[in-house]
Amino acid sequence: MTKAIFPGTFDPVTNGHMDIIKRASKMTDELIVGVLNNSSKHSLFSPKERVEMLKEATKDLPNVRVCTFQGLLVDFARQEHACIVIRGLRAITDFEYELQMSQMNHKLDSTIETLFLTANIEYSFLSSTTVKEIASLGGDVTPFVPSCVVKKLSKSF
Ligand code: ADP
């Protein structure tokens, strides 16, 4: 059974994340979307809210599970018996950080492999940060995020 983890902050989930989730879920028996519960990183939405939005957005994907995790990704992967980590690559700017993370994770646990999916060109400019910025300035974020996120963002700003 192929089990993979797609870890991230997802503050909030965007259509770019959703594209990776849909593609990765087709390649695996089970895909766990791991929402990082990192108290040192300031986020707009709480881990609970981020999980709720992701659960709503992935409700039609039966082999996708959403949960939070804390601490090292390799520990979470071991706990879940998953040996694949999925990450999205938007541009060369993502590459250096992602390369370092994947090599460090492999060093910490050589049974864990990172698979990179390149961003769909339609979403390669999209990030949670830009979506929050647009929403905070009163812009329309409908084309960029699942509908449940549009509602949450409009309540927040
Ligand atoms: P992190 O803080 O771990 O980078 P994010 O929630 O920003 O968390 O991103 C989680 C993953 O989703 C990362 O691998 C990131 O590269 C990928 N990702 C983010 N936005 C997009 C996008 N528009 N298209 C494809 N992948 C994306």
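**View 1. The ligand occupies the largest pocket of this predicted model.** Of the 17 residues around the ligand, those that come nearest are Thr9, Phe10, Gly88, Tyr123 and Leu126. The shell around the ligand is made up of seven nonpolar, five polar and five charged residues. At least two shell residues are supplied by each of strand 1 (3-8), helix 1 (15-27), strand 4 (84-89) and helix 4 (92-108).

**View 2. Polar backbone atoms of Phe10, Tyr123 and Leu126 face N or O atoms of the ligand at 2.9 Å, 2.8 Å and 2.9 Å, respectively.** For Phe10, the partner is an oxygen atom of the ligand. For Tyr123, the partner is a nitrogen atom of the ligand, and for Leu126 a ligand nitrogen atom is also the partner. The ligand taken alone exposes 550 Å², of which the protein buries 88%.

**View 3. The loop between strand 1 and helix 1 holds Phe10 and Pro12.** The peptide bond from Asp11 to Pro12 is cis, its omega being near -5 degrees. Phe10 has a positive phi, near 50 degrees, though this residue is not a glycine. Most residues other than glycine have a negative phi, and most peptide bonds are trans. Phe10 counts as buried because its relative accessibility is 2%, under the 20% limit.

**View 4. His81 lies in the loop between helix 3 (73-79) and strand 4.** Its phi is positive, about 55 degrees, although His81 is not a glycine. With a relative accessible area of 69%, over the 50% limit, His81 is therefore classed as exposed.

Conventions: Residues numbered from 1 in each chain as written. Predicted model: local features only at pLDDT ≥ 70, side-chain atom pairs only at ≥ 80, totals over all residues. Heavy atoms only, no water. Near = heavy atom within 4 Å. Polar contact = N/O pair within 3.5 Å; in protein donor to acceptor, adjacent residues only side chain to side chain. Areas by Shrake-Rupley, 256 points an atom, 1.4 Å probe, with all protein chains shown as cover. 1 Å grid on protein atoms, 1.4 Å probe; cavity = no way out; pocket = protein on both sides within 12 Å on 5 of 7 lines; lining within 4 Å. Sits in = over half its atoms within 2 Å of the grid points. Helix = DSSP H or I, 4+ residues; strand = E, 2+ residues; numbered from the N terminus. Nonpolar A, V, L, I, M, F, W, Y, C, P; charged D, E, K, R; others polar. Buried < 20%, exposed > 50% of the residue type's maximum accessible area, 1.4 Å probe, protein only.
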